[in-house]
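Trainee: Could we go through this model together? I would like to begin with the DNA and then move to the cavities.

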There are 2 protein chains.
Amino acid sequence: MGTQIRRDVMQLILDRRLPPGAPLPTEAELMESLGVSRNSVREALKALQALDIVEIRHGYGTYVGQASLTPLVDGLTFRTLAGVADDHAALTEILQIREVLEEGLIRRVADGIGDDGLARLESIVGRMEGAARAGEAFPDLDRTFHETLYDTLGNALVPQLLAAFWNVYHRVAKVRGWTSDPAPAVTACRHRDILTALRARDVAGAERAMADHFRGIEARSGQATLGVR
Amino acid sequence: MGTQIRRDVMQLILDRRLPPGAPLPTEAELMESLGVSRNSVREALKALQALDIVEIRHGYGTYVGQASLTPLVDGLTFRTLAGVADDHAALTEILQIREVLEEGLIRRVADGIGDDGLARLESIVGRMEGAARAGEAFPDLDRTFHETLYDTLGNALVPQLLAAFWNVYHRVAKVRGWTSDPAPAVTACRHRDILTALRARDVAGAERAMADHFRGIEARSGQATLGVR
DNA sequence: CGACGTGGGACGTGGGACGTCCCGCGGCCT
DNA sequence: AGGCCGCGGGACGTCCCACGTCCCACGTCG
C-alpha cells in the first residue's frame, strides 16, 4: 500500500529524531531498507513533499521539512475555488474563523503584552500611517502587525494558522480578480484603534476595534463579489 | 516539474467544474493530455491524494476528493510528535486554539440557536448522563455535542476544523500512551452547564462554562505529562 | 431468471535506463 | 600562492515497459 510506505518514512523520521532540515536517507537506501521499488519510494516522498513533511532538492538530496501549514492553504484554496456553492460563502466562512480567532486572541494579548511589544506595534502602525499618507497600500505591514501582535502569546501555531487563512483569502481573491483595495488610510486607522485600546489595557475596546476591522473586510468582500457577478 | 503537473491536474478539475466524487480522466488520458509519462502523472496524483484533493480507488479509477482537513491532521500530528521541544507544549498550543475558537463561537451560537437545536443538545447531554451513571466513557457523544453545537452557524468549516484539532490531540495522546480518561460524570456535568447557559441565553455564562470545560482538559493533560516523565 | 465465470479496464508495483542538477576535487592559469 | 575552470560522482527527475491485483460488466450456463 502506498499509504503504508508514507507512514514508514514518517516513522523513520520520528524514530531517528530527525529535526527539520536533517537529511533523509537517499532513495536507494530507502528502497532497500523498506524493501520496495524506487517508484514506490518516490510516490511516498512526493506525497510527503506535498504535506511539507519532506523537502526534496533536485540533485542534492531529501530533507526533513518544516511541517508548515502549506497543505492547509492549498487544500482550502482548492476547496474554495472548487466549491459547488458560490465561493463568496466559502470565503465568508474563512473570514468568520479568522474573526473569532483574532477576537479571542486579542483579549489574551491585552492581558499579557509588555511595553516592548507595544513599542514594536507602534513602530509598525507608524509606518502604516506613513504609507497611507503617501497613498500606498501596505499588505506586508498588515501581516507583520498581526504577526507581532500574537508574538507575546508564545504560541507558534497561532501566527501560522492566521497566515494560512490570510493566504487563502488573498489567493482566492487574486484568482477571482477581485481588487480588494481599501483606502489605506482607513486600514491604518483601524490598526491605530487596536493599538490605542491595547495601550489602555482596554480589553473590551480592543475586541470592539478588532471586530470593526473585520466588519470592514466583510463589507469589501461583499462589494467585490457583487461587482463581479 | 512535479509541482507543475500537480497544478495542472488541479486546474483541470477547476476548469471542468468537477464536483467531489466526479471521476477524473484515467492515468493514460492524463499522460496524453498533459504530455508527461505515467510515472509523473502517478506522482502528482499521489501528492493530490495526500492532500485529499483526489481519491484513488484501486482497480476502479481516480475521483475528485472531499478536500477535507485530513492533511492538516496529518501535518499537525507529525509536527507535534517530531517537535524538538517537548510535545506537551505543542499540544497546549493546539488546545489553546481550540479554546479560543470555541469560546468565541459559543457566543455566536448563544445568539442564534433555536428550540430545535436546544432539543438536540438536550438529547445528547441526556445520553451522556446516562452513560456517566453507567460509568462508561462517551467520546463519540462528546464529539457529537460540539458538532451539533456549531451546526446552527451554517459554517461548514467550523466543525471540520474543530474535529481536526480534536483528532490531533487524541491521536498524539494515544501514541504517547496517555490515558486521559476523566471521570465521565464530570464531563457530563460540564456539558450540562453549557447547555443550561445556552437555554438561558446567558452568553457570558456559556463562555465561562466553556472555559471551565477547557480548564479541566488542560489539567488532565498536565497530569498525564507529569505521570509519564 | 439467476448464479457463476471470464474478460477488459484501471490502478499498484517492480526494474532499468538516461537526463539534469549540484557539489567538490583537481588541474590550470594568473 | 591564490583563484578560476573543468570534470566526475552522487542524487533526484523523467521515461519506458512489463506484470500483478482489483473491480465491474457482460455473457454464458444451469
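Mentor: What follows treats the conventions, the two DNA strands, the cavities and a few single residues.

Trainee: What conventions apply here?

Mentor: This is a predicted model, in which local features need pLDDT of at least 70 and side-chain atom pairs count only at pLDDT 80 or more, while totals for chains, interfaces and linings use all residues. Residues are numbered from 1 along each chain as its sequence is written, chains are lettered from A and ligands numbered from 1 in the order in which they are written, and side-chain values use heavy atoms, with hydrogens and water left out.

Trainee: Which residues come nearest to DNA strand C?

Mentor: They are A:N39, A:S40, B:R38, B:R42 and B:G59, out of 21 residues around the strand. A residue is near a strand if one of its heavy atoms lies within 4 Å of it.

Trainee: What share of the strand C atoms within 4 Å of the protein belongs to sugar or phosphate?

Mentor: The share is 65%, and the rest belong to bases.

Trainee: Which side-chain or backbone atoms lie by the bases of strand C?

Mentor: The side chain of A:N39 has an N or O atom 2.9 Å from a base oxygen of DNA strand C. For B:R38, a polar side-chain atom is 3.0 Å from a base nitrogen of that strand. B:G59 uses a polar backbone atom, again 3.0 Å from a base nitrogen of DNA strand C. The cut-off for a polar contact is a pair of N or O atoms within 3.5 Å; within protein, one must be able to donate a hydrogen and the other to accept it, and residues adjacent in sequence count only if both atoms are side-chain atoms.

Trainee: Which elements supply that surface?

Mentor: At least two residues each come from α3 (38–50) of chain A and from α3 (38–50), β1 (54–57) and β2 (61–64) of chain B. The largest share, three residues, belongs to α3(A). Helices (H or I, at least four residues) and strands (E, at least two) are DSSP runs, numbered from the N terminus.

Trainee: And strand D, which residues come nearest there?

Mentor: Of the 21 residues around DNA strand D, the nearest are A:R42, A:G59, B:S37, B:N39 and B:S40. An N or O atom in the side chain of A:R42 is 2.6 Å from a phosphate oxygen of strand D, and a polar side-chain atom of B:S40 is 2.7 Å from a phosphate oxygen. At a base oxygen of strand D, a polar side-chain atom of B:H58 lies 3.1 Å away.

Trainee: Which element gives the largest share this time?

Mentor: It is α3(B), with three residues of the surface near DNA strand D. By class, that surface has five nonpolar, eleven polar and five charged residues. Here Ala, Val, Leu, Ile, Met, Phe, Trp, Tyr, Cys and Pro count as nonpolar, Asp, Glu, Lys and Arg as charged, and the others, Gly among them, as polar.

Trainee: Changing topic: how many cavities of 30 Å³ or more are there?

Mentor: There are three. A cavity is a set of points, on a 1 Å grid over the protein atoms alone, where a 1.4 Å probe fits but cannot get out; lining residues have an atom within 4 Å of a point.

Trainee: What is the volume of the largest cavity, and what lines it?

Mentor: The largest cavity holds about 140 Å³. Its lining includes B:R98, B:E102, B:D142, B:R143 and B:W166. The lining draws at least two residues each from α5 (87–112), α7 (139–149) and α8 (157–175) of chain B, and it has five nonpolar, one polar and five charged residues.

Trainee: Is B:E102 buried or exposed?

Mentor: B:E102 counts as buried because its relative accessibility is 2%; buried means under 20% relative accessible area, exposed over 50%, and partly exposed in between (1.4 Å probe, protein chains only). B:E102 belongs to helix α5 of chain B.

Trainee: And what about the second largest cavity?

Mentor: The second largest cavity has a volume of about 50 Å³. Residues of both chains line it, including A:K46, A:Q49, B:G2 and B:E43.

Trainee: Last topic: how many disulfides are there?

Mentor: The count is zero over all chains, where a disulfide is a pair of cysteine sulfur atoms within 2.5 Å. As for single cysteines, A:C189 is partly exposed because its relative accessibility is 42%, and B:C189 is partly exposed at 41%.

Technical notes
On a 1 Å grid over the protein atoms alone, a cavity is a set of points where a 1.4 Å probe fits but cannot get out, and a pocket is an open set with protein on both sides within 12 Å along at least five of seven lines; lining residues have an atom within 4 Å of a point. Grid points are joined across faces, edges and corners, and a volume is the space filled by probe spheres set on the points.
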